[in-house]
Amino acid sequence: MSGLILSSWSPCLTSFYMMKWKEYFPNKELVQPPQFEAEVLCYPKPEIVCDYLSWRQAECHNRNQYNTCFWILVKSGKGEGEGEAHGY
């Protein structure tokens, strides 16, 4: 059952993504079709699911902060290598 849900979800997400592209990016052309990865995970307890989702949320937040700061530095004139070299 979970494989069926997963195999249906990816094409659905792709089609919505492509349908809404112009609404969110009216001046930017979609140069290639998107690709999405997905996996089915089976956890034995709800607490483990909550722990996993909390960890994923924290990881996404950390990556977002890093990328935001990194590209602000690059746009301000710092080179990409310089931002990485200083641990930004």
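Let's start with Trp55, which is partly exposed, with a relative accessible area of 49%. The structure is a predicted model, and its secondary structure comes to 3 helices and 0 strands, in the order α-α-α along the sequence. Of the 88 residues, 7% count as buried. Here is a tour of the rings, charges and surface.

**Aromatic pairs**

- Trp55 pairs with Tyr52: the ring centres are 6.1 Å apart and the planes meet at 35°, so this pair is tilted.
- Tyr52 and Trp55 sit 3 residues apart in helix H2 (residues 46–75), about one helical turn.
- Tyr52 is partly exposed too, at 26% relative accessibility, a value that falls between the 20% limit for buried and the 50% limit for exposed.
- The protein has 7 aromatic pairs by the centre-distance rule. One of them joins Tyr17 and Trp21, a tilted pair with 5.8 Å from centre to centre and 45° between the planes.
- Tyr17 and Trp21 belong to helix H1 (residues 2–24), where 4 residues, about one turn, lie between their positions.
- The two rings of that pair differ in cover: Trp21 is buried at 11% relative accessible area, whereas Tyr17 is partly exposed at 35%.
- Tyr17 and Trp21 also join Phe25 and Phe36 in one aromatic cluster.

**Salt bridges**

- Side chains of opposite charge can pair when their charged atoms come close.
- There are 3 salt bridges in the structure.
- In helix H1, Glu23 and Lys20 are 3 residues apart, about one turn, and their side chains form a salt bridge with an N to O distance of 3.2 Å.
- Glu23 is exposed at 52% relative accessible area, while Lys20 is partly exposed at 38%.
- Lys22 forms a salt bridge with Glu29, with 3.3 Å between the closest N and O atoms.
- Glu29 counts as exposed at 57% relative accessibility, and Lys22 as partly exposed at 42%.
- Helix H2 holds Glu59 and Arg63, 4 residues or about one turn apart, and their side chains meet in a salt bridge at 3.1 Å, N to O.
- Arg63 is exposed, with a relative accessible area of 53%, but Glu59 is partly exposed at 23%.

**Surface and nonpolar patch**

- The accessible surface of the protein is about 7,800 Å², and carbon and sulfur atoms account for 59% of this area.
- Leu41, Tyr43, Ile48, Val49 and Leu53 make a nonpolar surface patch of about 380 Å².
- Val49, one of the patch residues, lies in helix H2 and is partly exposed at 31% relative accessibility. That value satisfies the patch requirement of over 30% relative accessible area.

**Loop and contacts across the chain**

- Gln35 is found in the loop between H1 and H2 and is exposed, with a relative accessible area of 77%.
- Gln35 and Leu13 are separated by 22 residues in sequence, and their C-alpha atoms are 9.6 Å apart.
- Among contacts with a sequence separation of 6 or more, 17% link residues 24 or more positions apart.

**Annotated region**

- An unreviewed UniProt entry annotates residues 48–82 as "domain: Thg1 C-terminal".
- In the model, residues 48–82 are 89% helix and 0% strand, with 39 Å between the end C-alpha atoms.

Methods: Residues are numbered from 1 along each chain as its sequence is written. This is a predicted model: local features need pLDDT of at least 70, side-chain atom pairs count only at pLDDT 80 or more; totals for chains, interfaces and linings use all residues. Side-chain values use heavy atoms; hydrogens and water are left out. Rings of Phe, Tyr and Trp (its six-membered ring) pair if their centres lie within 6.5 Å; planes under 30 degrees apart count as stacked, over 60 as edge-to-face and the rest as tilted. Helices (H or I, at least four residues) and strands (E, at least two) are DSSP runs, numbered from the N terminus. Buried means under 20% relative accessible area, exposed over 50%, partly exposed in between (1.4 Å probe, protein chains only). UniProt positions are given in the numbering used here, feature names are shortened, and annotations may be inferred rather than shown by experiment. Patches are made of residues with over 30% relative accessible area and no salt bridge: like charges are joined within 9 Å, nonpolar side chains (Val, Leu, Ile, Met, Phe, Trp, Tyr) within 5 Å. Accessible areas come from the Shrake-Rupley method with a 1.4 Å probe; for residues, only the protein chains shown count as cover. A salt bridge is a side-chain nitrogen of Lys or Arg within 4 Å of a carboxyl oxygen of Asp or Glu. Contact means heavy atoms within 4.5 Å.
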